[in-house]
Amino acid sequence: MRVAVLLVTLLGAACTRVEQTGQSKQAVGVELAEVRFGATLTRSAWMPLGNHHPVARFSARGIDLGEAQAAALTPEGAIVVRSSGLLERIEKRITVLSEDALPDVAVSGDGKIVYLTRETGLHLVDARGDRRLVSAFSDADRPLFVDDRTLLFCGAATPGVSTFFRLSLDDEAPIALKTDALPASRDNYRVENGVVHFHDGVAARTLELPR
């Protein structure tokens with residue numbers, strides 16, 4: 001009986017890890033968040049943070065990335081958005097990309113990074129540096145790379161109604177796509193074989209991209 005109890009205890013410890021929280025210890029389950037670039041990104045369960053976006057503890061390539069509101073893998077490391085709005089690229093060294101980032105980021109297959117700020121909207125980080133995209137838009141968020149040269153985002157030109165926009169990074173001219181729904185969250189928000197899959201908060205939806 002003692003052996004059986006010991007085995008159960010060891011198995012339980014393998015599936016959770018224990019973190020110090022105030023004066024008590026709390027078991028935190030680890031979930032797979034992303035698999036890309038030959039690496040995995042894992043996170044703990046989301047933890048409430050008052051009226052702000054919740055945080056989780058992220059890990060990638062065997063490195064503890066700490067608590068963040070969002071994270072994504074890059075070809076050589078990861079990016080994280082801290083609760084303070086600090087956006088860090090963690091690779092061979094840590095680079096601060098923004099001090100006012102929102103918890104919504106996207107990374108292309110060749111390492112381009114798109115992020116959001118509260119004041120200036122969408123930003124692209126590539127070989128040319130950091131620059132603002134679609135400056136004429138009053139609202140632009142939920143970026144998603146269709147491929148290395150094409151970005152999808154939700155937004156509204158001034159004035160206008162929010163919809164999906166397709167943006168070629170070659171000319172940076174947004175093209176509106178007709179749809180009656182937008183993604184409510186990042187969960188299952190993806191592009192597969194020219195079709196955008198997302199959840200509008202009520203039901204799963206799809207949008208076929210024009211060729």
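**Exercises on two open sheets and a nonpolar core**

Strand β20 (residues 195–199) and β21 run antiparallel and are joined by five bridges. The model is predicted: local features need pLDDT of at least 70, side-chain atom pairs count only at pLDDT 80 or more, and totals for chains, interfaces and linings use all residues. Residues are numbered from 1 along each chain as its sequence is written, and side-chain values use heavy atoms, with hydrogens and water left out.

**Exercise 1.** State which strands are at the edges of the open sheet β19-β20-β21.

*Solution.* Strands are DSSP runs (E, at least two residues), numbered from the N terminus. Two strands pair if DSSP finds at least two bridges between them. The sheet has three strands with antiparallel pairing. Its edge strands, β19 (190–192) and β21 (204–208), each pair on one side only. Within β21, A204 stands opposite H199.

**Exercise 2.** Explain why one side of β7 and of β10 lacks a neighbour in the sheet.

*Solution.* The order of this open, antiparallel sheet of four strands is β7-β8-β9-β10. β7 (70–74) and β10 (94–98) stand at the edges with a single partner strand each, so one side of each is left without a neighbour in the sheet. β7 pairs with β8 (residues 77–81) over five bridges, in the antiparallel sense. L73 has A78 in β8 as its bridge partner.

**Exercise 3.** Identify the element that gives the most to the largest nonpolar core.

*Solution.* A nonpolar core is a set of buried (under 20% relative accessible area, 1.4 Å probe, protein chains only) Ala, Val, Leu, Ile, Met, Phe, Trp, Tyr and Cys residues joined through side-chain atoms within 4.5 Å. The largest has 15 residues. β15 gives the most, with three residues.

Notes: Buried < 20%, exposed > 50% of the residue type's maximum accessible area, 1.4 Å probe, protein only.
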